[in-house]
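Take a walk through this protein model with the structure open beside the text. The route goes from loops to helices, then to strands, and ends inside a cavity.

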Amino acid sequence: MHKAIYAFLAAATISLASCDNYIDITPTGAITVDSATQYLELVANPARAYYPSAFAMLSDNCWIKESNVIGKENNSWDGINTTFNEQADRNVLADNNLYENCYNYILRENIVLSRVDDSAGADSVKALAKAEARIMRAWDHFVLVNTFARAYNPATAKTDGGVAIMDKYDLEAKPAKASVEQTYQFILKDIAEALPLLKQQPMDVYHPSLAFGYALSALVHLFHHDWQQALDDANQSLALKSDLIDYIDLQKKGGPTKVKTYAKGGNPEVLNYAYMGSYSDNPAYTYGMISPELVKLYGSNDLRLTLFFKTTGNSVYYFDNGSGAALWNTSITYSKFFYSSVGLRTAEVYLIKAEAEARLGQLAQSTQTLNTLRAKRIVGEVAVLQTPANVKEAVQNVIDERRRELLFGFHRFWDLKRFNTEEDYKKTITRTFPLVDTTTEHKSYTLAPDSKLYVIPFPEDARKKNPNLTNNE
């Protein structure tokens, strides 16, 4: 019986500097993992976090307190990204462990995949452990390729640089960087192998369910331009789990500061628990300010704005009054309402379904899908969209709804990247900054659809230790 000494379950020091030297582990109280059930438990990671600091302000959805940027336009992510500064050197900036965290999680998943067959226990438990590890490994590679590489483009994906694929537990591995297409094929293969073995009811909310598996498959196929498969998988996911919180009912009951039904593990929309920042994941303290442009896009009837954000009365420590922006209500924490900033939710699956239907020319169906979501979010007749005249208008409706629904994290950043590969949907972002400060010149900054800023550089340590890991700009 093989025994793996695994430090992730105890206090450990983990350094994941590159794909050249996969990890260095110094156990300080290791725990023996030698049963299939223990390996299955190992898949769950309640502290899974993905920090958006390297790209948060490369979005027309986000805003920031002006004093956090002024004077830092050349030497911080926030300064460079807020002012769309292409001349600044981003190569020396740390990414707040996003890259390291992803490969840390992949290491955990690969340990399960490599060792569980040699453990004691039922074959069915081993099969489930491998399925759950594969689906989460697919998720983590998806996060990496969409952050550190160009968006998938059918015309260039085979030659566009992707990320290093880590497909096994090997501390001496020195993988070359795969292309974007190769990375997507690896992700899709992991998903296809995992789906038949995932359970509809997992052990707990931190284990991936079958509904999450189909949702991830739908998301990856959508980004891969496989519209019909994305639609089929979205329907499969929604057939298993289609919960939507009724914000109108929530408002009648006093709002998210009064109703604690949806705290922590109680949000029925969440398909995988992941955090944008700290474990508490309070968006107010982690890029939880939305732009004046997005505030206007919501309008006055949208409860996604009025229930969760404050445009006035915010602490001046976090907010510039008079900017027209809005800040997440600091009194709403995950102990009252867990808002999944980076994990998949059923609401996103509805949006995937609506986009796939629009892309396939099913305009009435796409509009109906959007209206199903909007009916739970918007008060009055404005909640009901009319069927658009063509595919372009239908897709634009989805784009706008994704902006309103999928806040923070990487959603809008990834969407801008992928839609910028298409002539009909590309967008040049223009930002005037600052808006309030009177001692600094107010300037207009422009982010072109093909800007190199959309590709986040690999961390400096990773590039130093692995010469194959060249940036994808």
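Helices here are DSSP runs of H or I with at least four residues, numbered from the N terminus. The model itself is predicted. With that numbering, Gly71 falls in the loop between helix H1 (36-43) and helix H2 (77-82). Is Gly71 buried or exposed? Exposed counts as over 50% relative accessible area. Gly71 is exposed because its relative accessible area is 58%. Now look across to Thr440. Gly71 and Thr440 are 369 residues apart in sequence, yet their C-alpha atoms are 9.8 Å apart in space.

Move on to the next loop. Phe84 sits between H2 and H3. Its surroundings contrast with those of the glycine: Phe84 is buried, with a relative accessible area of 6%. The backbone deserves a check here. Most residues other than glycine have a negative phi. Phe84 has a positive phi, near 50 degrees, and is not a glycine.

Helix H3 comes next. It covers residues 98-115, which makes 18 residues. From first C-alpha to last, H3 reaches 26 Å, close to the 26 Å expected at 1.5 Å a residue. How many residues of H3 are buried? The count is 16 of the 18, so H3 is largely enclosed by the rest of the structure.

Helix H6 (210-223) can be read in the same way. H6 has 14 residues. Its end-to-end reach is 20 Å, close to the 20 Å expected at 1.5 Å a residue. H6 is mostly covered, with 14 of its 14 residues buried. After H6 comes His225, with a positive phi. His225 lies in the loop between H6 and helix H7 (227-240). Its phi is about 70 degrees, although His225 is not a glycine. His225 counts as partly exposed because its relative accessible area is 22%, and buried means under 20%.

Go further along the chain to helix H12. This helix runs over residues 363-374, 12 residues in total. Why does its length agree with expectation? At 1.5 Å a residue H12 should span 16 Å, and its end C-alpha atoms are 16 Å apart. The buried residues of H12 are Leu363, Ser366, Thr367, Thr369, Leu370, Asn371, Leu373 and Arg374. What covers them? The cover includes helix H10 (303-306), helix H11 (346-359) and helix H13 (391-405).

Now the strands. One open sheet has 3 strands in the order S7-S9-S8, with antiparallel pairing. Its edge strands are strand S7 (289-290) and strand S8 (309-310), and each pairs on one side only. S7 and strand S9 (residues 326-328) are joined by 2 bridges in the antiparallel sense. Within that pairing, Ile290 has Ala326 in S9 as its bridge partner.

Another strand pair lies further on. Strand S10 (residues 429-433) and strand S11 (residues 443-447) pair in the antiparallel sense over 5 bridges. Thr430 stands opposite Thr446 in S11. S10 has two faces. Ile429, Arg431 and Phe433 make up the covered face. Thr430 and Thr432 make up the uncovered one.

Look at the end of S10 for a peptide bond to check. Most peptide bonds are trans. The bond from Phe433 to Pro434 is cis, with omega near -10 degrees. Pro434 belongs to the loop between S10 and S11.

Finally, look for empty space. Rolling a probe the size of a water molecule over the atoms shows where such space is left. How many cavities of 30 Å³ or more does a search of the whole structure find? It finds 4. The largest holds about 80 Å³ of space. Residues that line the largest cavity include Val43, Ala44, Asn45, Arg48, Met136 and Leu271. Tyr206 and His207 are also among its lining residues. By class, the lining has 8 nonpolar, 3 polar and 1 charged residues.

Tyr206 repays a closer look. It is found in the loop between helix H5 (180-194) and H6. Tyr206 counts as partly exposed because its relative accessibility is 27%. Tyr206 and Arg48 are 158 residues apart along the chain, and their C-alpha atoms are separated by 9.2 Å. Both residues are in the lining of the largest cavity.

Methods. Residues numbered from 1 in each chain as written. Predicted model: local features only at pLDDT ≥ 70, side-chain atom pairs only at ≥ 80, totals over all residues. Heavy atoms only, no water. Expected span 1.5 Å × (residues − 1). Buried < 20%, exposed > 50% of the residue type's maximum accessible area, 1.4 Å probe, protein only. Contact = heavy atoms within 4.5 Å. Pairing = 2+ DSSP bridges. 1 Å grid on protein atoms, 1.4 Å probe; cavity = no way out; pocket = protein on both sides within 12 Å on 5 of 7 lines; lining within 4 Å. Points joined across faces, edges and corners; volume = space filled by probe spheres on them. Nonpolar A, V, L, I, M, F, W, Y, C, P; charged D, E, K, R; others polar.
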